[in-house]
Structure formats: C-alpha cells, structure tokens
Amino acid sequence: MRTVSSCLVGGLVAIAGFATTYASTIACDFPKPWSRLKPVTHPTLPGALLTKPTKITVGEPFSINVRICAPPTTGNFDRWTIEATMPAHRHGMNYRPVVQRRDSEEIEATGLVFHMPGHWQIDLAAYRGDEPMRWALDVHVK
Amino acid sequence: MMAPPTSGSASIATALLTMLIASNVTSAAEGLLLNPEVIERLVRHGPWPPKLVNDASNRISGRPKGIAFGEKLFFDRRLSIDKSVSCADCHQPARGWTDGRRIAKGLAVGIRNTMPVVNTRFNRWFGWDGSNDNLWAQSMRAILAPNEMGANGHHVAEVLAADLVLRKEYADLFGEPISPKRAETILVNIGKALASFQETLVSARTKFDTFRDALERGDWEVAARYPRRARRGAAIFVGRGKCNVCHSGPMFTSGEFHDAGMPYFVRPGQVDAGRFSGITRLKASRWNLASRWNDDPTKRGAWASRQVMKLHRNFGEFKIPSLRNLTRTDPYMHNGSIATLHDVVRHYSEIDTERLHGDGERLLRPLRLSPPEINDLVAFLRTLSEHDE
C-alpha cells in the first residue's frame, strides 16, 4: 500500500512539475523589444516590460506594458505600484502612472515621464494581499 | 599584367579606407575641441524651431483673425480694471518680452520676475509655479491677478461692448455677440485670443542652431565658424557642468521645476512656495485642460494635470527657464535677484548645497569653474540668443 501511495504522489509531483515547466516555457517567451525584468524579491515570477514608444524621449510621456509569467493556478494580483527613480540623483518622477489591467497576465501603465536624461530605474510591485512581488528594470535615456 | 584583386585584399582596402575616413572625422571633430559624445549631446538641443502644432484646446489657435484680435488686445490697457496696464507693459517686445525689472509691477508690485512670453507655445506648464497647464488660462491669470491687471469677466465684457470694432471682431471670431450674462465665456475667449497671438512669438534661429545643425550633418567647415570660446563653453555645458540634465532639448529646459538654491522668502512672514502651491492652484483651476473650456473633445493634454504629484520637494521649486534669448531678459531667476549671466554662472559654480532642500536629492553641486571657464560658458549662453549682444 505504501508503495502504491508513494508512486501516486511521485506521479502527481511529476505531472505538476511538467505542467509548470510547460506553461513557463510557452508563456515566458518574450521577443524583442520586450525587456526581461530583474527580480528583486525571491521567489518571483519571470516577467517582461515593453515601452511605448520603444524609444523614450526625455520629457515626453510614455506607457509601459508589463507581462508576468503566471501559471494558470496562480491567479491575478490585487494591485500594482509602478515608480521610477534616478539612483544617481535620488529623485523620482513628477507624475503618477495610471495602471490598468489588460488581461490576467498583462497590465498597462500610462503617463510615465522621464524628465531628465540619464539612468532611470523602473520599480514594479504586484500585491496579493499585503505580500508584494517586486521587479526592476534599468533604462538609460539620452 | 597584374593579378585581379582577391576578396581578401579588397576587404583590407575597404577597412583601411573606413579607418582613414573615421580618423579624419575624429580629428576634424577634435579640431573643434569636441569629442563624439559631446557632439551627440549638443545635437539633441535641436532642431530649431520645433514643429509648430496648433493648440487643440484653443479653437482659434493658428487662425489669422484670432491672432490679429489677440495682438490688438495684448497692447490694450483698457483690459485692466483702471485701464492703466496692458499685457505689453510687462511683456515689452524690445525687452525680450519682459520688463527689465527685478520684480514685476502691474497695478502693484508682485513677488516674481516677469517671464518672457516667447516660445510659450512649446510649454507644458506656465508661470514660475506651473499653476496653469495652458496658455489661455495663463493669459486670463494676468487679467485677473490683483497686482497685475486686477480685472474680471464683467469688466472685459464692458470694454468690448463699448468698442464697435472689437465687438464686431469678437462676434465674427467666436460666433456670438457680447453679453454681460456670458462674462466667463468672454473672459475665456479673450484668453484664447491672447494665447493665439502669443503662440506666434517664436525666437529666431541662433548661431548655436547653425552650429548644431552643422554638427549633425558632419559639416566641420561650417561648425568651425562657431566661436571657439562658445565651443569650449558648450563642452562645459553638456560635459562637466551637466547643465543639459535640467536645461535639455531644443528649448534648453525640461519644462519641469527645480530648487536652484534661490531663497523663497519674499519678505518677513511671507514665503513663495513655488511649484508646491502651483500644483494646488492648478488642480483647483476652473480653466485647466480637464475643464469644459478645453476645446479638444479628447482632452488629451489633461493627463498631466491629473497625474502630476504634489511632493514635499516641490516646496520652493520654480520652473527651469528656457535658456533661449537670455541676453534681453535680465535680471534672472524667479525673484530677479541675479543681475547678469556671469553672476548666474557664478551662482552655479559656487552653489551652497546646504541651502538646497531637495529631500536628499543629489543633483546640483558646485562646479568650481575658473574665470576663463565662466567666460566661456557665458559666451556659449549668448549664442542661444537671437540678439547676441
């Protein structure tokens, strides 16, 4: 009996592992110009970001689409925060982006403005309850 | 008989020729005292002028009759409550569209230096504190401000009603007669006429623009005609000085706000909160781009006023002014406290970062320029003016 239950458990774990890997492989294919996000918290789902327009102009508003690789069982995040700072200058943006959900795996944030040229870091946080999952992306604007 | 060139020797010849051309370009650029990175940064300060686009929020923007009507009103002192002050009294054409005063004076002395009304069509924010997000509301502000023209919609309506020519021009332009019951509408329409005139005030191309365009197309011969002192100053501006971080783009301003180490005390007991109070007024304004007075049905410009954040660091921040056409707009800074361009550069050269209140921000630091470097930077700034005197 122990042998049968062990086999069953082992089989279920294998199937779950295969399903996760399969889903990750298919959903996490981010072709250019998508940029992979750098995970900040661990563990973190893989994700990527796309800016629109693809080339950011200093002082002009742009939007971002963010896609997270989430296995179907994971569910949606409750809310998102998106900020950006210039690490060398220690200041952020002057405008608060507006975030909207596009579908279960993608959000869009509009009204970002990088008002100075240089190195910016976009910080993203997605919450389920009070627990955030965080990512970052470095952007250099000329 | 020579053997035909092989593919290998052809590749080597091509590579050698490419290197020769590149080295000539590099040495030509070096002869201008500029490296490729500096050139790339300078090129981003153009082209000038930018593409001219009519203001969708103002239905008479770009219309010749609206511009002519607005120009007439700009010089008309009857718009002020006691008929003694016009827009042009503070924004004098011969004075770079400012007044030469440290602090503006309309009906009474204000608290800030007069900003020029040139190139305003390219702004996102208006005024030292950005309390308006469009030019017609900014024009109305001056009409209403007690220390400027001290008027109101009813007064403006009466002035127009009493003048046959203005009354007819108004009716032709806006499709309705002057009526005392439509005082606010008349005030907004007058603001739009004034704005449509001011949109025509675009500064001319300068020595810098000729230089910048030559750099972009690699015309080193034309670029070499730009004064050597100004070239050295340009290299400081986008290099060690990092002035281009705030004074960016073709307008030489990001259009945003910053603490430049200038005191914001006006007099004992009074401070000028700058952008901090400007955002409060902006969001409360009846005439911002989110209002019903915006003629653009999509209200596409309203996003900025909706999404701008009021931050602690905004206290005492003032608009980063454009550096175009500075030679006639002295004195400088939001409080007119700096008399000359040399003094402005010295201010940044010796800035006391302890006086900055940017919440730990690390942006400005003293440049420690030598006297010749200060002269070079001023020489560069002068070439941004159409009147390089």
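The following dialogue discusses how to read the interface, the enclosed spaces and the backbone of this predicted model.

User: Which conventions apply to the numbering and to the confidence of the model?

Analyst: Residues are numbered from 1 along each chain as its sequence is written, and chains are lettered from A and ligands numbered from 1 in the order in which they are written. The model is predicted, with local features needing pLDDT of at least 70, side-chain atom pairs counting only at pLDDT 80 or more, and totals for chains, interfaces and linings using all residues, while side-chain values use heavy atoms and leave out hydrogens and water.

User: How many residues does each chain bring to the contact, and what area is buried?

Analyst: Contact means heavy atoms within 4.5 Å. Here 23 residues come from chain A and 22 residues from chain B. Buried area is the accessible area (1.4 Å probe) that two parts lose on being put together, summed over both. Between chain A and chain B this is about 1900 Å², with carbon and sulfur atoms giving 50%. On the side of chain A, Arg90(A), Asn94(A) and Tyr95(A) lose the most area to chain B, together 33% of what that side buries.

User: Which residues form the salt bridge between the chains, and how many residue pairs are in polar contact?

Analyst: A salt bridge is a side-chain nitrogen of Lys or Arg within 4 Å of a carboxyl oxygen of Asp or Glu. The count between chain A and chain B is one: Lys142(A) pairs with Glu40(B), their closest N and O atoms being 3.1 Å apart. A polar contact is a pair of N or O atoms within 3.5 Å; within protein, one must be able to donate a hydrogen and the other to accept it, and residues adjacent in sequence count only if both atoms are side-chain atoms. Nine residue pairs, both at pLDDT 80 or more, meet this rule across the interface.

User: Which strand gives the most to the side of chain A that touches chain B?

Analyst: Strands (E, at least two residues) and helices (H or I, at least four) are DSSP runs, numbered from the N terminus. On that side of chain A, β8(A) gives the most, with three residues.

User: How many cavities does a search of the whole structure find, and what lines them?

Analyst: On a 1 Å grid over the protein atoms alone, a cavity is a set of points where a 1.4 Å probe fits but cannot get out; lining residues have an atom within 4 Å of a point. Grid points are joined across faces, edges and corners, and a volume is the space filled by probe spheres set on the points. The search finds two cavities of 30 Å³ or more. The largest cavity holds about 70 Å³, and of its twelve lining residues the closest to its centre are Phe77(A), Trp80(A), Ser104(A), Glu105(A) and Glu106(A). The second largest cavity has a volume of about 40 Å³; its lining includes Asn94(A), Arg275(B) and Glu317(B).

User: Where are the cis peptide bonds, and which residue has a positive phi?

Analyst: Most residues other than glycine have a negative phi, and most peptide bonds are trans. In chain B, the bond from Trp48(B) to Pro49(B) is cis, with omega near -5°, and Pro49(B) is in the loop between α2 (36–43) and α3 (64–74). The bond from Asp330(B) to Pro331(B) is also cis, with omega near -5°; Pro331(B) is in the loop between β4 (318–319) and α14 (341–349) of chain B. Asn119(B) has a positive phi, near 65°, and is found in the loop between α4 (87–90) and α5 (135–144) of chain B.

Definitions and conventions. 1 Å grid on protein atoms, 1.4 Å probe; cavity = no way out; pocket = protein on both sides within 12 Å on 5 of 7 lines; lining within 4 Å.
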